[in-house]
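Student: I am new to this structure. Please take me through one part of it closely, and show me how that part sits in the whole.

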Amino acid sequence: MTGFSTGPRLTHMYAMVLTKIGAPLEWTELEDAAPAAGEIRVAVAACGVCRTDLHVVDGELPNPQVPIIPGHEIVGRVAAIGAGVEGLQIGERVGVPWLGHTCGVCPYCVMQRENLCDHPVFTGFTRDGGFATSVIADARFAFPLGEVGEDVALAPLLCAGLIGWRSLVIAGPGKKLGLYGFGAAAHILAQVAAWQGRSVFGFTRPGDLKAQAFARGLGAVWAGGSDEMPPEPLDAAIIFATPGGLVPQALCAMRKGGRVVCAGIHMSDIPGFPYDVLWEERELLSVANLTRQDGLDFLALAPKIGIVTSTTPYQLRQANEALADLRAGRFEGAAVLVP
Ligand SMILES: [Zn+2]
Ligand SMILES: [Zn+2]
């Protein structure tokens, strides 16, 4: 660890704030809040930019709230600790993910499916997130990250990695795995799947030869357009891209009994398709959010796999540019904001 400041406490923070759905984020100076009981304040070192941030800015998720500070792939250091917090130290590096809080008492929390909690709080959506120099988090939902790896390199693991991991587990153990949309999540998952001995088939926007080369460079045995059929039927596929038309396309690429997992929080409408596409016990399901156990499992595994993330850093003030570049598919891997 290098140079955590022990100087006077900051009294102000800066953030890129969404004040109106669809409007650019605004650079804003704010009071640096003190953490309440059970909370920590984290000095943000890096925050990844996720497709979900685009959905937040565009108002595509239910019950959008403004003003809000987006960002839920946060890597930082504990700068202040509220009452009753155990197991975290000032200066310790932590990750703050999308799942910001769960109620602990609803039927889903009780059945160990807190990702489906009836009363959740989501970082960067229903509580302020990491497009900022500082963020308040529920300490129980922050992950200790240790000191291995750079802040910027770790940030994409906090959502693309975690939700990708959950999607991979839910996709089942099949060897031939299709990944639709070769962005931040797929570029991490391709490495995980290869490490597990699976064969990855990468599907990109039709004609995006650069992304297809990127997929092959990450170990994909085949890469092509999402409108193409793979050379052989697949055991499972995970869809990270948003066009609903990918659902029947992916189902068509499945063997009998194959499983298609939709990993995105938002997709456009799924067009009608013949029942034959689903017939023969093909399965279609979605993945929502993450549980803390998903995070612990994946973050323990990530160093063993030696995941190398491909990142494009932006200054915090350039958050709008990073979002625009994500929307246009102008970089490979993940964009990461650095305060
Ligand atoms: Zn709950
Ligand atoms: Zn995300």
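Tutor: Here is a walk through the open parallel sheet and the helices on it, with the rest of the chain around them.

Keep in mind that this is a predicted model.

Begin with the whole. The protein chain has 9 helices and 17 strands. Its C-alpha trace spans about 65 × 40 × 40 Å along the principal axes. Is the radius of gyration what a compact globule of 339 residues would have? For that number of residues, the expected value is near 20 Å; the chain has 20 Å, so the two agree. Of the 339 residues, 52% count as buried. The chain exposes about 14700 Å², and carbon and sulfur atoms supply 55% of that area. Now consider contacts between residues at least 6 apart in sequence: 68% of them join residues at least 24 apart.

Now the sheet.

It has 6 strands, in the order β12-β11-β10-β13-β14-β15. The sheet is open, and its pairing is parallel. Which strands are at the edges? They are β12, residues 222–225, and β15, residues 283–286. Each of these pairs on one side only. From one strand to the next, the twist averages 20 degrees.

Look at one edge in detail. Strand β11 covers residues 199–204, and 4 bridges join it to β12. These two strands run parallel. Find F203: it stands opposite G224 in β12.

Two helices to examine pack on this sheet. Take α4, residues 160–171. Helix α4 touches β10 (176–180), β13 (234–239), β14 (254–262) and β15. Its direction makes about 155 degrees with that of β14. Next take α5, residues 184–195. Helix α5 touches β10, β11 and β13. Its direction makes about 170 degrees with that of β10.

Stay with α4. How far apart are its end C-alpha atoms? They are 16 Å apart. At 1.5 Å a residue, its 12 residues should span 16 Å, so the model agrees with the expected span. Burial is the next thing to check. The cut-off for buried is under 20% relative accessible area. By that test, 10 of the 12 residues of α4 are buried, so the helix is largely enclosed by the rest of the structure. The buried residues run from A160 through G161, L162, I163, G164, W165, R166, S167 and L168, and they also include A171. An α-helix has 3.6 residues a turn, so residues three or four places apart point the same way. After α4 comes G172, whose phi is positive, near 90 degrees.

Set this beside another enclosed element, strand β3.

Strand β3 covers residues 39–49. Of its 11 residues, 9 are buried, so β3 too is largely enclosed by the rest of the structure. What does β3 pair with? Strand β4, residues 73–81, is joined to it by 8 bridges. Strand β8, residues 134–138, is joined to it by 5 bridges. Strand β17, residues 334–338, pairs with it over 3 bridges. The pairing with β4 is antiparallel. So is the pairing with β8, and β17 also pairs with β3 in the antiparallel sense. Some residue pairs help you find your place. R41 has I136 as its bridge partner in β8. C47 stands opposite I74 in β4, and C47 also stands opposite L337 in β17. In a regular strand the side chains alternate between the two faces of the sheet.

Last, the loops.

Most residues other than glycine have a negative phi, and most peptide bonds are trans. Some places here depart from that. The loop between α1 (51–58) and β4 holds P67. The peptide bond from V66 to P67 is cis, with omega near -5 degrees. N63 lies in the loop between α1 and β4 as well. Its phi is positive, near 50 degrees, and N63 is not a glycine. Is N63 buried or exposed? At 64% relative accessibility, N63 counts as exposed.

Back at the parallel sheet, look at the loop between β14 and β15, where E280 is found. E280 is not a glycine, yet it has a positive phi of about 70 degrees. At 31% relative accessibility, E280 counts as partly exposed.

Definitions and conventions
Residues are numbered from 1 along each chain as its sequence is written. Chains are lettered from A and ligands numbered from 1 in the order in which they are written. This is a predicted model: local features need pLDDT of at least 70, side-chain atom pairs count only at pLDDT 80 or more; totals for chains, interfaces and linings use all residues. Side-chain values use heavy atoms; hydrogens and water are left out. Two strands pair if DSSP finds at least two bridges between them. Helices (H or I, at least four residues) and strands (E, at least two) are DSSP runs, numbered from the N terminus. Axes are lines fitted to C-alpha atoms, for helices over the stretch in contact, and angles run from 0 to 180 degrees between N-to-C directions. Contact means heavy atoms within 4.5 Å. The expected span of a helix is 1.5 Å times one less than its number of residues. Buried means under 20% relative accessible area, exposed over 50%, partly exposed in between (1.4 Å probe, protein chains only). The radius of gyration is taken over C-alpha atoms; the globule rule is 2.2 Å times the number of residues to the power 0.38. Accessible areas come from the Shrake-Rupley method with a 1.4 Å probe; for residues, only the protein chains shown count as cover.
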